[in-house]
Amino acid sequence: MSKHVRKTARNKILAAGALCAATALGVTGLTAGGASAAEPSKLRADYNGDGYVDLAVGVPDATVDGKAKAGYVNVVWGGASGLGKHGSTTVSQGTPGVPGTVEAGDGFGKAVASDDMNGDGYSDLVVGTPQEDNDAGLGAGTVAVVWGSASGFKGGFTAANGGFSDASYGALLATGDFDKDGDKDIALNTHFDESSSVATRQGPFTPGSSSELSKVTGWHFGGPAVLTSGDFDGDGGDDLAISYDGMEISGTTVQSRASGSWQSLWSTADSTDNAMAAGDFDGDGSTDLAIGNVQPNPEADDTHCEDRLGGAILTVYGKQGGKLGGGGTSCTTQSSLEVGGTAEAEDNFGAHLATGNLDRDGVDELVVGADTEAVGTAKNAGSYWVLASLGAGKPLAGPAFSQNSAGVAGTAEADDRFGAAVATGDYDGDTYPDVAIGAPGEDAKKGGVWYAPTPKDGPVPPVTSVTPGKLGLAGARSYGAVLSH
């Protein structure tokens, strides 16, 4: 690792407090919060194309039209002042043009992904409703695409419908061009009887296009727990990382369809029930994989992370030429050198992950949430970290933040679950990605999201809250538990 990269990594650690700012007040509606650009920005998660990344918050436990846990997705518009001052819009199955009917217990928004699914330059919402009932049975589930546009969201499209009871389509989602045909695809979970699998619904998403699913891989007495996408083989297309578990089985596999059929690029017996993230954490130009709160397969003889007290993150480094794992692996815990906090049982360190090149130096940071971390005597108050790599094969490093940290709004309280979801995006348009942190237990479980802007220069601004009350939302419950990436 070069002296420049080592210096950059250490500078990241010293500057990782750069995560903060903007007050929160807003209105709801289906139209965009700011002036839209003449041409869409083509930024991921910019639904109205105005050049600011927006934040989609899945609220599957929300009450809609008096129906408990029907669920909605609240999109907080980005703008020059970041999150909270530019309003928000709420999308549900009661929104005109969005497929489905508002029903109690559907859980619309249980999983949310963002991508340009029709190639028009506007990012779209991909929304899972795993408890949706249909003619095929109870809990069959559905996946919908809600179209972005210059004036906000404009109707939707049913991408996949469960074909039998308890299929639970839409509990897990990832997007990418997996077959490398130029159209975006959706990866999702499927379930039938005692077996489960991961399948893709291939694009294009147009009326009359085939809704047939293509199986990636499957398990008997087991199933997928986490999905994430990235170019892990360096061929310019998207691959799919899957972590799975079940009776006497668990593991993580990275699957590629570069050759036309799905094949494994890399696998391990270690798995996670919580989170994975893709990024270039050592700055060598290849995509790495972070596996959060990693757990060993009880049937395996060894594990990458022997020390897992309080939670461990396994980082699998890629190598130029497209070999995932060719750069070695590392494990990071709160006991690692230069990681803030103290490792304690049941901290859930690494259970929530997001990636962003916050200081724009070409090396990605890993944003880490631990929602059951105790802060002082407050159990399950929660914390988050911004971690940087010190080089391939070495643990990540960086400081911890809680609601008791200087400049962070609020006070750490028991069961706030600050850090239960994390996301990154350039919400204020200054070209530096910012951080969003969910706290679904805040305010008697109404919840909230904390906005931490990265300063372009100058002092670190404060981390402020964006809450249902400030946004004028009705029916919110556990707001901040689901954040789209």
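# Pairs, sheets and rings explained

User: What makes E27 and E28 a strand pair, and in which sense do they run?
Analyst: Three bridges join E27 to E28, and the two run antiparallel. A strand pair needs at least two bridges, so three bridges are enough for E27 and E28. One point on the side: this is a predicted model. Within this pairing, Tyr451 stands opposite Thr464 in E28.

User: Happy with that. Which sheet holds E27, and in what order do its strands come?
Analyst: The order is E25-E26-E27-E28, an open sheet of four strands with antiparallel pairing. E25 and strand E28 (464–466) are the edges: each has a single partner strand, so one side of each lacks a neighbour in the sheet. From one strand to the next, the twist averages 25°.

User: Where else is there an open sheet of four strands?
Analyst: Strands E8-E9-E10-E11, in that order, form an open sheet with antiparallel pairing. Why are E8 and E11 its edges? E8 and strand E11 (213–220) each have a single partner strand, so each leaves one side without a neighbour in the sheet. Ignoring direction, neighbouring strands of this sheet are turned against each other by 25° on average.

User: How do you know that E8 pairs with E9?
Analyst: Four bridges join E8 to strand E9 (residues 185–192) in antiparallel fashion. The cut-off is at least two bridges, so E8 and E9 count as paired. One of the bridge partners is Asp185 in E9, matched to Gly176.

User: What makes E20 "mostly covered"?
Analyst: Of the five residues in strand E20 (352–356), four are buried. E20 also pairs with strand E21 (residues 365–370) over five bridges in the antiparallel sense, and Thr355 stands opposite Leu366 in E21.

User: Now the rings. Why is the pair of Trp147 and Phe157 called tilted?
Analyst: There are twelve aromatic pairs in the structure. In this one, Trp147 and Phe157 lie 6.3 Å apart, centre to centre, with 50° between the planes. The centres are within 6.5 Å, so the rings pair, and 50° is neither under 30 nor over 60 degrees, so the pair is tilted. Trp147 is in the loop between strand E6 (142–146) and E7, and Phe157 in strand E7, so the pair ties together parts ten residues apart in sequence. Both residues, Trp147 and Phe157, are buried.

User: And what about Tyr427 and Tyr451: which class of aromatic pair do they form?
Analyst: Edge-to-face, with 6.2 Å centre to centre and 70° between the planes. The angle is over 60 degrees, so the label follows. Tyr427 sits in the loop between strand E25 (421–425) and strand E26 (434–438), while Tyr451 is in strand E27 (residues 449–452), 24 residues apart. Tyr427 and Tyr451 are both buried.

User: What makes Arg360 a charge over the face of Tyr432?
Analyst: Arg360 lies over that face at 5.4 Å from the ring centre of Tyr432. The limit is within 6 Å, so the distance meets the criterion.

User: Why does Phe164 count as partly exposed?
Analyst: Its relative accessibility is 26%. Buried would be under 20% and exposed over 50%, so Phe164 falls in between. Phe164 belongs to the loop between strand E7 (156–161) and strand E8 (173–176). Beyond its neighbours within four places in sequence, Phe164 is in contact with Ala136, Ala140, His191 and Phe192.

Technical notes: Residues are numbered from 1 along each chain as its sequence is written. This is a predicted model: local features need pLDDT of at least 70, side-chain atom pairs count only at pLDDT 80 or more; totals for chains, interfaces and linings use all residues. Side-chain values use heavy atoms; hydrogens and water are left out. Buried means under 20% relative accessible area, exposed over 50%, partly exposed in between (1.4 Å probe, protein chains only). Contact means heavy atoms within 4.5 Å. Rings of Phe, Tyr and Trp (its six-membered ring) pair if their centres lie within 6.5 Å; planes under 30 degrees apart count as stacked, over 60 as edge-to-face and the rest as tilted. A charge sits over a ring if NZ of Lys or CZ of Arg is within 6 Å of the ring centre and within 35 degrees of the ring normal. Axes are lines fitted to C-alpha atoms, for helices over the stretch in contact, and angles run from 0 to 180 degrees between N-to-C directions.
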